[in-house]
Amino acid sequence: MKTFDLAIIETGNGGDIQQKGNDLAIVNGVENMIYLAMFGGNVEASTTAVITQSQSFDFWGNTVFASNSPSQQFNSETERTIRTIALNSSGRLALIQAVEQDLNYLKSVADITIEVEIIGSSQTRIIVTFSEKTNQQDKLLQLVYDNAKGEVIIEKII
């Protein structure tokens, strides 16, 4: 049985659902999960418990799908790291480690390689190449993060 998800795309103000004509676009893969794992969690701190008394700024799915499994929650180590590192070679290595940490949970369903490039004084390109184990076709997710704006400015799936 195949499962589908609504396709999301970065529009510069957070992920938005994509439209295809007059309908909603769908994806049959892990690309949404990759994006959400890196940029959909709690940027302030890793989620360790379900928060019910006040607003939680982590991914809503943490509470719904993984409230009893903190190791499966999205915590945006990538976004937290990219906001705090210097854009140099050691910062690049720290960012690679953060992306690996965020995407570690996908290793059982996909082969993933990660590249990080510093492409300017305030921009970083993250390239995630992935091949789902059920469909050995390579796909590439490219994200460009603008530190000056504090957001993903380009997302491309190839």
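A residue counts as buried under 20% relative accessible area, as exposed over 50%, and as partly exposed in between. D111, at 40% relative accessibility, is therefore partly exposed. That scale is used at most stops below. The model on screen is a predicted one.

**Stop 1: the whole chain**

Show the protein chain as a cartoon. Its secondary structure comes to four helices and ten strands. Trace the chain from the N terminus, and the elements run β-β-β-β-β-β-α-α-α-α-β-β-β-β. Of its 158 residues, 41% count as buried. Switch on the surface: the chain exposes about 9,200 Å², and carbon and sulfur atoms supply 50% of that area. Among contacts with a separation of 6 or more, 45% are between residues 24 or more positions apart.

**Stop 2: strand β8**

Select residues 123–132, which make up β8. Is this strand enclosed or open? Eight of its ten residues are buried, so the rest of the structure largely encloses β8.

Now add residues 110–118, strand β7, which runs antiparallel to β8 and is joined to it by nine bridges. The link from β7 to β8 is a hairpin through four residues. For one rung of this pairing, pick A110 and E132: E132 in β8 is the bridge partner of A110.

Stay with these two strands and show the side chains of E117 and R125. They form a salt bridge, with the closest N and O atoms 2.6 Å apart. E117 is partly exposed, at 29% relative accessibility. R125 is also partly exposed, at 22%.

**Stop 3: strand β9 and the loop before it**

Extend the selection to residues 138–146, strand β9. β8 and β9 pair in the antiparallel sense over nine bridges, and they form a hairpin with five residues between them. To see how the two strands line up, pick T124 and find Y145 of β9 opposite.

Next, centre on T134, in the loop between β8 and β9. Is T134 buried or exposed? Its relative accessibility is 80%, so T134 counts as exposed. Draw a distance from T134 to V109: the C-alpha atoms are 7.7 Å apart, while the two residues are 25 apart in sequence.

Then select K133 and D111. Their side chains meet in a salt bridge, 3.8 Å from N to O. This pair links distant parts of the chain: D111 belongs to strand β7 and K133 to the loop between β8 and β9, 22 residues apart. K133 is partly exposed, with a relative accessible area of 43%; D111, as said at the start, is partly exposed as well, at 40%.

**Stop 4: the aromatic cluster**

Return to Y145 and show its side chain together with those of Y35 and F39. These three residues form one aromatic cluster. How many aromatic pairs does the structure hold? There are two. One of them is F39 with Y145, a stacked pair at 5.9 Å centre to centre, with 15° between the planes. F39 lies in helix α1 (residues 31–39) and Y145 in strand β9, so this pair ties together parts that are 106 residues apart in sequence.

Colour the two residues by accessibility. F39 is buried, with a relative accessible area of 11%. Y145 is buried too, at 2%. On the strand side, recall that Y145 stands opposite T124, so one selection of Y145 with its neighbours can show both the aromatic partner F39 and the strand pairing.

**Stop 5: helix α3**

Move to residues 77–84, helix α3, and show E77 and R80. Both lie in this helix, three residues apart, about one turn. Their side chains meet in a salt bridge of 2.6 Å, N to O. Are these residues buried or exposed? E77 is buried, and so is R80. A search of the whole structure finds four salt bridges, and those visited on this tour include E77 with R80, D111 with K133 and E117 with R125.

Key:
Residues are numbered from 1 along each chain as its sequence is written. This is a predicted model: local features need pLDDT of at least 70, side-chain atom pairs count only at pLDDT 80 or more; totals for chains, interfaces and linings use all residues. Side-chain values use heavy atoms; hydrogens and water are left out. Buried means under 20% relative accessible area, exposed over 50%, partly exposed in between (1.4 Å probe, protein chains only). Contact means heavy atoms within 4.5 Å. Accessible areas come from the Shrake-Rupley method with a 1.4 Å probe; for residues, only the protein chains shown count as cover. Two strands pair if DSSP finds at least two bridges between them. Rings of Phe, Tyr and Trp (its six-membered ring) pair if their centres lie within 6.5 Å; planes under 30 degrees apart count as stacked, over 60 as edge-to-face and the rest as tilted.
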